[in-house]
Amino acid sequence: MAFVSSGYNPDKPMENRISDIGPQKFDAFYPPVIGKNKGKWLYHEILEPGVLVHVAESGDEVFTVRCGGARLMSVTHIREICELADKHCDGYLRFTTRNNIEFMVDSKDKVDALKKDLVDRKFDGGSFKFPIGGTGAGISNIVHTQGWIHCHTPASDASGTVKAAMDELFKDFQDMRLPAKLRVSMACCLNMCGAVHCSDIAILGYHRKPPMLDHEYLDKMCEIPLAIAACPTAAIKPSKVEVNGKKLNSVAVKDERCMYCGNCYTMCPSMPLANAEGDGIVLMAGGKVSNRISNPKFSKVVVAFLPNETPRWPSMTATINRMVEAYAKGANKYERVGDWAERIGWERFFDACEIDFTHHLIDDFRDAAYYTWRQTTNFKL
Amino acid sequence: MAKHETPLLDQLESGPWPSFVSDLKQEAASRAKNEKNVEYQIPQDVVEDLLGVLELSFVHKRTHWKHGGIVGVFGYGGGVIGRYCDQPEMFPGVAHFHTMRVNQPAGKFYKTDFLRNLCDLWDFRGSGLTNMHGSTGDVILLGTTTPQLEEIFFELTHNMNQDLGGSGSNLRTPSDCVGQARCEFACYDTQALCHAMTVEYQDELHRPAFPYKFKFKFDGCPNCCVASIARSDMSFIGRWKDEIRVDQEAVQGYIGGELVPNGGAHSGRDWGAFDIQKEIIDICPTGCMTMDGKELKINNKECNCCMHCINAMPRALRIGKDTGCSILVGAKAPILDGAQMGSLLVPFISTDDPYDEIKEVIESIWDWWMEEGKNRERLGELIKRQGFQKMLDMTNIKPMPQHVQEPRTNPYIFWKSEEVPGGFDADITEFRKHHQR
């Protein structure tokens, strides 16, 4: 494994340096039919789950076949995507915001061969490489974060929970039977790199124990003021401790103020908080970002905690399934999960989804809590 | 024979959804074989060790990653996330496993030659594992060592004309929806605006000068496919201000059942015949539509552009022609004081190149936030702390009823001295002439 230089000279880092050039210009990557008809599309139709046609003023059509993908993707897999795009789509493709892969062709004749090629490809373990779906009133791919694959503060895994959930929800990835689209997302700690706070159903990793304190190393490893400043609830204060007869500078954590965000751990590696019993899953529901019919909404916490049942999180997937089925059965056409819950009342949501209501679900965090309590006699028994 | 046994992860190979475990295994096998004789610059068994450490996490139910130290490329304060494994002796291949963020092209369209070059580079100098894409939008190159960072950056910029994305207290990599490239709903060219702002603000993107992260996202219409309204400090959402274009013949086509409603989005269930009264007119949130005989009438002045009727009857109804965007500010995830949705700042603004009006709003917001924002305070939190009215002052935007869902319910207005005739300097002696102590 000999080091191969790119041409970069570490002694003269500014020599020939190119910086601040930004990304590739998007239009260099447009398939010709897209470049030609951009801004002149008339309408679209979903021909079957995962297959769309867009028709332009010119009469041109572009057919899109949408496939699910694990966002964690190897170069071997990307090269296979490239091979498919070269074979069927003149070397063009795109990805969606929800980590789907879209293969586009400019005539209907090309769709069947493309679809067949996609569906026939499976991983050695048996799963589809390119399942077609994710359109219309169904469940699209789950957007998610890194989890145990690459992050220092996760309270659960992301790729694992998503694989387990999508296996359960797979029929709705390939169907459009729901009253409206249903968006699922996953974030592996409350910092929510994945912004799951406005999803129909959100899977959220959550710690439940304050950080441990590695007093012996804390002052050596960390800038104590930074660790204190990192705490959003001011739960950390400086302290002096005695370890093995030595007086050390360290910190103390007021446990009842800790919200388990891990921000202190980001600043100070001597304050780890991962814990097998403490960590697990919070489920949220009823959020959306679209302005269609009703305003965008935040997701609400509907299950305070489920344990990390590796490798397939069965309690989590069973609860999600119950929510999806109750929604499919109870909601009116066009109602999102949150619209449905508001119409029937959240008391009925818990009945319909067979979820126990616990004290954890009553907001007690700062001012906003008050606005979520019931201030009317308009409720159902 | 795999380097590490992974009985728990192996259970994630079954089931229909693409298995990341199977993909990792195929990458591990490909590196082990090395058919192309790549001179791997980081350990050849990196993926096997990643599987091993992930299996250990599935056993321990805890992560095995430490937070990174300061790593990066010269002159940039973002784009690289340091990462180290906390079991380096067991998994030496991933002892150092840094991430690089590569700024994706707007709209996430690609040509295969570009992707192949990226794969070749990442095979050679990294783990061969990526995220297509990360939550913010970048292509994430997952896992390399410190000595490779400058080499990768050099090759990206010199051979691929490609830059890194943002991380830290920077402008984060902007992202957008598919927009006018392939969507008839888009009210402006999201890719053009996204790219223009990315290029315009390269310095802010690469060099941390902000109190905290700052995100731009660009949605072509109020359907908000890229979720800008929930997850960007500044959200640009397409909007028209004239009339919805109506094709009355196509309206009849939907009523008569010749056209498939909702662009076929609900075809997985028999919902019965399309009923324009029940499905459109009655649930229009502003009640601005009526049927007048065979004609669909829209009181466009009252329409709030929610997109429902257009989504439901895409062949009959089209967005207006006088288009631009709204700007909403301050959205963020819940940490700390609860989630914030974007709040409307500019109801309508031109999206014409060179976007001078938009830049003026951006820069006035940044001037305020950089002056007043505390360390790690997002824009939304500053707006809450100093007040919406302060933001209007700082951006020179006139208050209007569109800015509020409803007016305030308390009269505790903090009047300014100059707003009250005579100001706050009252003369007590003069007062006492008429009012005894």
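Trainee: What percentage of the 381 residues in chain A is buried?

Mentor: In this predicted model, buried residues account for 60% of the 381 residues in chain A.

Trainee: And how many helices and strands does chain A have?

Mentor: Chain A contains 10 helices and 12 strands.

Trainee: What does the C-alpha trace of chain A span along its principal axes?

Mentor: The spans are about 80 × 75 × 40 Å. The accessible surface of chain A is about 15,500 Å², and carbon and sulfur atoms contribute 52% of that area.

Trainee: Which share of its contacts with a separation of 6 or more joins residues 24 or more positions apart?

Mentor: In chain A that share is 65%.

Trainee: What about charges: how far apart are the mean positions of the positive and negative ones in chain A?

Mentor: The mean positions lie 3 Å apart, for 47 positive and 47 negative charges.

Trainee: Changing to chain B, in which sense do strands β12 and β13 pair?

Mentor: Strand β12(B), residues 289-292, pairs with β13(B) in the antiparallel sense over 4 bridges. One of the bridge partners is Ile298(B) in β13(B), which is matched with Met289(B).

Trainee: How many residues lie between the two strands of that hairpin?

Mentor: There are 2 residues between β12(B) and β13(B). Gly293(B), in the turn, has a positive phi of about 65 degrees.

Trainee: Which side chains of β13(B) are buried, and which are not?

Mentor: The side chains alternate along residues 295-298 of chain B. Leu296(B) and Ile298(B) point to one face and are buried, whereas Glu295(B) and Lys297(B) point to the other face and are not buried. Ile298(B) is thus both a buried residue and the bridge partner of Met289(B).

Key
Residues are numbered from 1 along each chain as its sequence is written. Chains are lettered from A and ligands numbered from 1 in the order in which they are written. This is a predicted model: local features need pLDDT of at least 70, side-chain atom pairs count only at pLDDT 80 or more; totals for chains, interfaces and linings use all residues. Side-chain values use heavy atoms; hydrogens and water are left out. Buried means under 20% relative accessible area, exposed over 50%, partly exposed in between (1.4 Å probe, protein chains only). Two strands pair if DSSP finds at least two bridges between them. Contact means heavy atoms within 4.5 Å. Accessible areas come from the Shrake-Rupley method with a 1.4 Å probe; for residues, only the protein chains shown count as cover. Lys and Arg count as positive and Asp and Glu as negative; His and the chain ends are not counted. The place of a charge is taken as NZ of Lys, CZ of Arg, CG of Asp or CD of Glu.
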